[in-house]
Amino acid sequence: MFTIKGEVSKKNLIREIEKAIKSDELGAFIGAGLSIPAGFCSWKELLREPAEEIGLDVEKESDLVNLAQYYSNSKKRTSIDDLIKGQFSQLVKPTENHKLLSQLPISTFWTTNYDKLIEKALENNMKKPYVKTKDEQLRGTNHNFDAIVYKLHGDVENPEDAVITRSDYEEFGYNKRKLFREVLEGDLLTKTFLFLGFSFEDPNFNYVIGRLRVLLDEKNTRKHYCIMKKVQNTVENSEYKKAKQELQIEDLNRYGIFTCLVNDYNEITEILSILVDRYRRKTIFISGSADNYGDFSDEEGKIFLHTLSMRLSEKGYHIINGYGRGVGEYLLSGVAEYCLINGKNILDYLTVMPFPQSNISHIDIGKLYKENRKQMIEKCGIAIFVFGNKNGKIANGVLEEFSISKEKGLVCLPIGYTEGAAKEIFESLSSNDNSEAVIIANEKVDGDISSTAENIIKAVNLMNKEDN
């Protein structure tokens with residue numbers, strides 16, 4: 001089948017973005033197309049009524065920058081400011097795509113949008129964004145923030161500084177945003193960008209990528225990726241539009257930008273969901289408590305937990321644990337030993353969120369525990385359940401963590417042979433839940449703790465394979 005130069009398959013796109021995530025080099029560039037499902041309009045729709053006011057038809061105009069300038073000339077700049085304020089001040093919730101982006105380890109966002117959807121999504125995901133719209137903000141420290149949001153064309157809060165008219169574009173890089181182009185150039189050189197909802201028709205952006213191509217030549221430009229909706233046969237003049245789209249894809253490839261074509265915009269959500277799921281699966285929640293270790297002796301149970309956490313650390317997984325009695329300290333010892341031997345930072349491999357054991361302020365301790373569990377679990381992609389007994393009974397806390405894990409979409413691996421709540425969870429699984437990974441994880445090798453723990457590692461690795 002004929003392949004367009006510069007086109008990349010969905011599978012290859014996901015693989016390349018995963019590589020960027022692993023190397024902590026993923027950036028996102030967001031255009032207006034990502035905000036339309038939230039209720040905001042496209043640039044064309046924004047200027048539809050203003051065009052009518054000055055006697056023009058937006059459908060006949062191909063240069064919207066000039067159209068905005070004509071309107072500004074006729075009605076004064078404040079009319080443009082009111083237009084932006086009126087449209088983009090709406091209180092709307094971030095879309096599913098914004099939410100998914102906020103869950104990925106992206107520390108750099110660029111956008112030409114005036115709305116605040118990506119900032120809201122980050123905040124809703126307990127991340128602190130630093131929004132930069134002017135040069136003076138570039139000098140601020142970035143250390144106290146989880147992500148920087150660069151607004152190339154300004155923000156709804158200051159519409160008078162927004163870039164929309166021909167004059168605004170002419171002044172860009174010489175007035176309020178002299179350094180923005182340089183910062184964008186630097187990010188395009190050091191990060192792999194995923195472009196979403198962006199048309200590549202913006203003069204400022206095209207100036208930057210054109211300059212980089214000339215300075216570095218095509219062979220040395222960094223690879224970036226965009227997702228674009230494929231022209232459908234049902235569209236008017238589809239053959240012409242298909243040919244134009246193919247030419248655009250080939251042209252973008254000159255700048256190191258590879259395009260993934262999708263049949264429907266819902267596929268963007270599907271792709272982002274896969275990326276989030278695979279990223280989260282690198283973080284493992286281990287649930288358990290133990291007054292006794294079932295068929296294991298006390299010594300064997302402790303060594304089993306120590307070995308399991310140490311082997312997970314060796315494979316690069318991050319463990320989150322609530323420091324349950326009889327479990328937490330031995331998981332900690334395994335991770336600590338790995339980090340000590342290999343000169344690693346333990347914070348990169350372990351997050352411990354102990355439950356308060358006293359209630360001095362007399363708050364609702366049950367509610368506090370539940371919130372603690374949710375915060376631990378929602379960052380993970382896999383949950384391992386071990387032991388789960390307390391005062392000679394099934395540990396209800398472990399059962400609750402299983403319920404939350406299922407609700408949050410985690411892949412659950414109850415280790416049935418450890419008895420307690422883990423066994424009860426294992427026995428409750430349906431045949432659909434009893435996947436190959438669950439079966440492998442529950443293969444106990446009698447008398448061989450190392451091999452027993454290794455089977456759990458095999459199961460976790462299986463769930464992190466590209467095709468799973």
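A residue counts as buried when its relative accessible area is under 20%. With that in mind, welcome to a few close-up views of this predicted model.

**View 1. Asp-155 and Lys-116 meet in a salt bridge.** The closest approach between these side chains, N to O, is 3.3 Å. Asp-155 has a relative accessible area of 5%, so this residue is buried. Its partner Lys-116 is partly exposed, at 26% relative accessibility. The two residues come from distant parts of the chain, 39 residues apart. Look for Asp-155 in the loop between β4 (147-151) and α9 (166-171), and for Lys-116 in the loop between β2 (108-111) and α7 (117-124).

**View 2. Arg-373 pairs with Glu-401.** Here the closest N and O atoms of the salt bridge are 3.0 Å apart. Arg-373 belongs to helix α16 (residues 365-377) and Glu-401 to helix α17 (residues 396-407), so their contact ties together parts that are 28 residues apart in sequence. Both Arg-373 and Glu-401 are buried.

**View 3. Salt bridges with shared partners form a network.** Step back to find Lys-116 and Asp-155 again, now joined with Glu-119, Lys-151 and Glu-157 into one network.

**View 4. Arg-254 and Asp-251 form a salt bridge.** In this pair, 2.8 Å separates the closest N and O atoms. Arg-254 is partly exposed, with 28% relative accessibility. Asp-251 is also partly exposed, with a relative accessible area of 34%. As you explore further, keep in mind that the structure holds 26 salt bridges.

Terms used:
Residues numbered from 1 in each chain as written. Predicted model: local features only at pLDDT ≥ 70, side-chain atom pairs only at ≥ 80, totals over all residues. Heavy atoms only, no water. Salt bridge = Lys/Arg side-chain N within 4 Å of Asp/Glu carboxyl O. Helix = DSSP H or I, 4+ residues; strand = E, 2+ residues; numbered from the N terminus. Buried < 20%, exposed > 50% of the residue type's maximum accessible area, 1.4 Å probe, protein only.
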